[in-house]
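Here are my notes for your reading of this entry, set out as numbered points. Please keep the structure open beside them as you go.

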Amino acid sequence: MSLTVDTNTVTLNNKTTIPAVALGTWQASTGEAKEAVKVALQNHYRHIDTAALYKNEAEVGEGIIESGIPREEIYLTTKLAVTDFFNVQEAFEESLKKLKVDYVDLYLMHWPYAVNQETQERIPCDFVDVYKEMQKLLKTGKVKSIGVSNFTKKKMERLLADPEVTVKPVVNQIELHPLLPQDEFIAWLKENDIQVEAYCPLGSSQANLIDNETIKTVAEKYHADPGQILVSWAVQRGTIVLPKSVTEHRIISNLKTVVLSDEDFETINNLHKKEGIKRVVNPKWNDFDD
Ligand SMILES: NC(=O)c1ccc[n+]([C@@H]2O[C@H](COP(=O)([O-])OP(=O)(O)OC[C@H]3O[C@@H](n4cnc5c(N)ncnc54)[C@H](OP(=O)(O)O)[C@@H]3O)[C@@H](O)[C@H]2O)c1
């Protein structure tokens, strides 16, 4: 029942493996992202999650180099921006250049919508066509796996039903934490051999799960901090989890997980029944009902 550096991995539908805990980098701003990535890699992280939209790929690449950890030991994910749906190949090459790597392990469609950069309004565009462009990247060897993010079940079904979609996404990266557990959707994705990545696992700043009394009470039992309990819960339910921090001691502590007792695991599973559902990320052009 003691905290240990998490070395769990998850096997994807193309037989590759992915470390279960990653460093998230959304809102890791200029001057922060490089150091955070370096600290993480030097303290046993082997999985980094970034995106073109985060505007920090260049710093993430520098952090990788400065860490001294060989590229082949690192699992690196970046994402196709909503503003780049009509130039997938170029956008991908630009990400590689900024990251200063020859390949990425995982390339995700960040959201299933094309968005105009200036107005932030949606532009008509079929995400299935965009996914087909992403499939082509696999042939270059510069992407090991492709996947999606922020896909609803309805969108997932449409994608999988298309006869020209010949490569199943390996993951769907979605918001998941105790106040948005999405149990049924996770089960459905897993039945379809698609793994699930949990973003905002600490509730980001708005949901504030770090200060949640129930999480704090469970944490005390394990001499852990709330962040470690939230990451442990996410790993224990079989999701890949992406806690973000730019604070050295939090980066280090978030990778240390513990196996929760059935009782404590259930307590966290049921938290949303007591406190209600809370979604943190919902940009204005998004529609989770369609
Ligand atoms: N695909 C998507 O659309 C999408 C959307 C959102 C997020 N993501 C990914 O998922 C990652 C995680 O989500 P997130 O960044 O929104 O939120 P998060 O990881 O749930 O929370 C991050 C916040 O928690 C703080 N924090 C981290 N560890 C802590 C600890 N042990 N104790 C107290 N506070 C702690 C961080 O502060 P400090 O940094 O100051 O330490 C930061 O303010 C992102 O970084 C990104 O990689 C993807």
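1. I begin with a contact inside the protein: the side chain of Thr257 makes a polar contact with the side chain of Asp6, at 2.6 Å. Thr257 belongs to strand 14, which covers residues 256–257, and its relative accessibility is 8%. Because buried means under 20% relative accessible area, Thr257 counts as buried at that value. Please bear in mind, here and in the points below, that this is a predicted model.

2. Turning to the ligand, I would ask where it sits, and the answer is that it occupies the largest pocket. There are 25 residues around the ligand, and those that come nearest are Asp49, Lys244, Ser245, Thr247 and Arg250. Sorted by class, the shell around the ligand consists of 11 nonpolar, 11 polar and three charged residues.

3. Which polar atoms of the protein lie beside the ligand can be stated for three residues, among them Thr247, whose side chain places a polar atom 2.6 Å from an oxygen atom of the ligand. A polar backbone atom of Thr25 is 3.0 Å from an oxygen atom of the ligand, while in the case of Tyr54 an N or O atom of the side chain lies 3.4 Å from a nitrogen atom of the ligand. As for the surface of the ligand, it exposes 900 Å² when taken alone, and the protein buries 89% of that.

4. Tyr54 deserves a paragraph of its own, since its side chain is one of the groups beside the ligand. Tyr54 is located in the loop between strand 5 and helix 2, and at 16% relative accessibility it counts as buried. Its C-alpha atom is 5.6 Å from that of Trp26, although the two residues are 28 positions apart along the chain.

5. In that loop between strand 5 (47–49) and helix 2 (57–67) one also finds Lys55. Is Lys55 buried or exposed? Its relative accessibility is 65%, and it therefore counts as exposed, whereas Tyr54 is buried. The backbone of Lys55 also merits a check, as it has a positive phi of about 55° although the residue is not a glycine. Most residues other than glycine have a negative phi.

6. A positive phi is found at Asp193 as well, at about 60°, and this residue too is not a glycine. Asp193 is placed in the loop between helix 6 (183–191) and strand 12 (195–199). With a relative accessible area of 40%, Asp193 is partly exposed.

7. Another loop residue to look at is Gln117, which lies between strand 8 (114–115) and strand 9 (122–123). How exposed is Gln117? Its relative accessible area is 48%, and the cut-off for exposed is over 50%, so Gln117 is described as partly exposed. The C-alpha atoms of Gln117 and Val82 are 8.4 Å apart in space, with their positions 35 residues apart in sequence.

8. Ala20 is in the loop between strand 3 (17–19) and strand 4 (23–24), and its relative accessibility of 2% makes it a buried residue. For Ala20 and Ala91, which are 71 residues apart along the chain, the separation of the C-alpha atoms is 27 Å.

9. Lastly, I would draw attention to Lys132, which is part of helix 4 (residues 127–138). Why is Lys132 called buried? Its relative accessible area is 17%, and the term buried is used because that value is under 20%. The C-alpha atom of Lys132 is separated by 9.9 Å from that of Asp162, a residue 30 positions away along the chain.

Definitions and conventions
Residues are numbered from 1 along each chain as its sequence is written. This is a predicted model: local features need pLDDT of at least 70, side-chain atom pairs count only at pLDDT 80 or more; totals for chains, interfaces and linings use all residues. Side-chain values use heavy atoms; hydrogens and water are left out. A residue is near a molecule or strand if one of its heavy atoms lies within 4 Å of it. A polar contact is a pair of N or O atoms within 3.5 Å; within protein, one must be able to donate a hydrogen and the other to accept it, and residues adjacent in sequence count only if both atoms are side-chain atoms. Accessible areas come from the Shrake-Rupley method with a 1.4 Å probe; for residues, only the protein chains shown count as cover. On a 1 Å grid over the protein atoms alone, a cavity is a set of points where a 1.4 Å probe fits but cannot get out, and a pocket is an open set with protein on both sides within 12 Å along at least five of seven lines; lining residues have an atom within 4 Å of a point. A molecule sits in a cavity or pocket if more than half of its atoms lie within 2 Å of its grid points. Ala, Val, Leu, Ile, Met, Phe, Trp, Tyr, Cys and Pro count as nonpolar, Asp, Glu, Lys and Arg as charged, and the others, Gly among them, as polar. Helices (H or I, at least four residues) and strands (E, at least two) are DSSP runs, numbered from the N terminus. Buried means under 20% relative accessible area, exposed over 50%, partly exposed in between (1.4 Å probe, protein chains only).
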